[in-house]
Amino acid sequence: MKLVNTALARTGTRGVQRALGWATVVSLLLTAVLGLFVVPPDANQGDVQRLMYVHVPAAWLAFLSFGVVFVASIAYLRTGQIRWDRVAVSSAEIGVQFCALTIVLGSLWGRPVWGAWWTWDPRLTTTAILLLIYVGYLSLRQVADSPSRRAHWSAVVGVVGFVDVPIVHLSVVWWRSLHQEATVLRPGAPTMAGSMLATLLLATVAFSIAYAYLMAVRTRVGRIEDRVAGTLLTSTAPRARTPRRSVPLTSRPPDGASGAAPSPAYAPQGGGDA
């Protein structure tokens with residue numbers, strides 16, 4: 001925990017964020033050059049196969065993001081520290097974006113290869129379910145009526161929802177699928193050319209650096225949001241009123257009563273005639 005806390009503190013500095021930003025730009029540009037102009041097209045699929053250098057890293061980043069949600073949610077349930085909830089929601093937001101990007105790129109790749117934008121293939125279906133789970137995670141955070149309850153409910157969903165990640169990965173093994181089987185994370189050697197594998201690994205590293213940069217920025221924004229929310233709660237909290245000191249007053253005599261001297265509280269001011 002101490003190591004993770006130290007890493008979170010260091011990535012919150014502007015210098016580290018600036019370095020991650022430049023590393024992201026350079027690595028993504030290098031990946032684009034290699035993927036578009038250096039690596040040869042696939043022998044069967046042609047140039048459309050170049051989508052792999054974005055599609056696969058995007059899927060990896062979605063898995064990584066939801067894995068961080070899983071770990072941070074467990075850490076919150078064990079410690080109750082709000083920083084873990086902040087890490088979880090930041091990673092969930094990034095994961096949802098890249099999971100949606102994975103589905104879109106898969107459709108663009110599947111249209112010329114399968115002849116359809118979408119099929120209820122096991123890999124596609126389980127990925128769509130994964131996206132819905134974490135969209136629900138983010139929606140649930142808008143329903144809870146207190147920060148502690150919001151963090152607790154979200155942590156439970158973050159732990160349970162991660163069950164779908166290994167199902168997505170193994171769906172091409174468990175069921176008959178149009179989607180090709182794993183070519184890198186598989187028993188035995190990867191089944192692709194060396195230049196393609198090197199470019200794919202570079203793209204995965206580039207997307208991972210991009211994830212680190214986005215997480216550093218989003219967690220810093222989360223700290224600012226928590227600080228502003230705490231300030232607003234403090235400023236709008238009802239303050240205890242100081243009780244006024246009671247001063248006894250002498251009752252005024254009824255109008256028209258004769259022979260009664262005026263009470264001190266209602267005595268004429270300015271020295272008028274008696």
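V104 lies in helix α4 of this predicted model, and at 47% relative accessibility V104 counts as partly exposed, because that value falls between the 20% and 50% limits. Together with L108, W117, W118 and W120, V104 makes a nonpolar surface patch of about 580 Å². Elsewhere, a search of the whole structure finds three salt bridges, and the structure holds six aromatic pairs. The points below take up helices, aromatic pairs, salt bridges and a few single residues in turn.

**Helices α2 and α3**

- Helix α2, which covers residues 14-38, has 25 residues and reaches 35 Å from its first C-alpha to its last, a span close to the 36 Å expected at 1.5 Å a residue.
- The buried residues of α2 are Q17, L20, G21, T24, S27, T31 and G35. As a general point, an α-helix has 3.6 residues a turn, so residues three or four places apart point the same way.
- Helix α3 has 28 residues, which at 1.5 Å a residue should span 40 Å, and the end C-alpha atoms of α3 are indeed 40 Å apart, in agreement with that expectation.
- Just after α3 comes G80, a residue that takes a positive phi of about 75°.

**Aromatic pairs**

- Among the six aromatic pairs of the structure, the one formed by F66 and Y134 is stacked, with 3.8 Å from centre to centre and 5° between the planes.
- This pair links distant parts of the chain, since F66 is in helix α3 (residues 52-79) and Y134 is in helix α5 (residues 122-140), 68 residues apart.
- Both F66 and Y134 are buried, and an aromatic pair of another geometry, edge-to-face, is formed by F98 and F207, with 6.0 Å from centre to centre and 70° between the planes.
- The F98 and F207 pair also links distant parts of the chain, with F98 in helix α4 (residues 82-114) and F207 in helix α8 (residues 194-236), 109 residues apart.
- Both F98 and F207 are buried.
- F66 and Y134 also belong, with Y137, to one aromatic cluster.

**Salt bridges**

- In general, side chains of opposite charge can pair when their charged atoms come close.
- One of the three salt bridges joins the side chains of D47 and R50, at 3.2 Å from N to O. D47 is exposed, with a relative accessible area of 51%, whereas R50 counts as buried at 15% relative accessibility.
- Another salt bridge is made by the side chains of D85 and R141, which meet at 2.8 Å from N to O. D85 lies in helix α4 and R141 in the loop between α5 and α6 (147-161), so the pair ties together parts that are 56 residues apart in sequence.
- D85 is buried, with a relative accessible area of 4%, and R141 is buried as well, with a relative accessible area of 10%.
- The side chains of R218 and E93 meet in a further salt bridge, at 2.6 Å from N to O. R218 lies in helix α8 and E93 in helix α4, so this pair ties together parts that are 125 residues apart in sequence.
- R218 counts as buried at 18% relative accessibility, while E93 is partly exposed, with a relative accessible area of 24%.

**R50 and its surroundings**

- R50 is found in the loop between α2 and α3, and it is buried because its relative accessible area of 15% is under the 20% limit.
- Leaving aside neighbours within four places in sequence, R50 is in contact with G35, L36, F37, V39, P40 and P41. One of these contacts, G35, is also listed among the buried residues of α2.

**V221 and S90**

- V221 has its place in helix α8, and with a relative accessible area of 33% V221 is partly exposed.
- V221 and S90 are 131 residues apart in sequence, and their C-alpha atoms are 9.3 Å apart in space.

Notes: Residues are numbered from 1 along each chain as its sequence is written. This is a predicted model: local features need pLDDT of at least 70, side-chain atom pairs count only at pLDDT 80 or more; totals for chains, interfaces and linings use all residues. Side-chain values use heavy atoms; hydrogens and water are left out. Helices (H or I, at least four residues) and strands (E, at least two) are DSSP runs, numbered from the N terminus. The expected span of a helix is 1.5 Å times one less than its number of residues. Buried means under 20% relative accessible area, exposed over 50%, partly exposed in between (1.4 Å probe, protein chains only). Rings of Phe, Tyr and Trp (its six-membered ring) pair if their centres lie within 6.5 Å; planes under 30 degrees apart count as stacked, over 60 as edge-to-face and the rest as tilted. Patches are made of residues with over 30% relative accessible area and no salt bridge: like charges are joined within 9 Å, nonpolar side chains (Val, Leu, Ile, Met, Phe, Trp, Tyr) within 5 Å. Accessible areas come from the Shrake-Rupley method with a 1.4 Å probe; for residues, only the protein chains shown count as cover. A salt bridge is a side-chain nitrogen of Lys or Arg within 4 Å of a carboxyl oxygen of Asp or Glu. Contact means heavy atoms within 4.5 Å.
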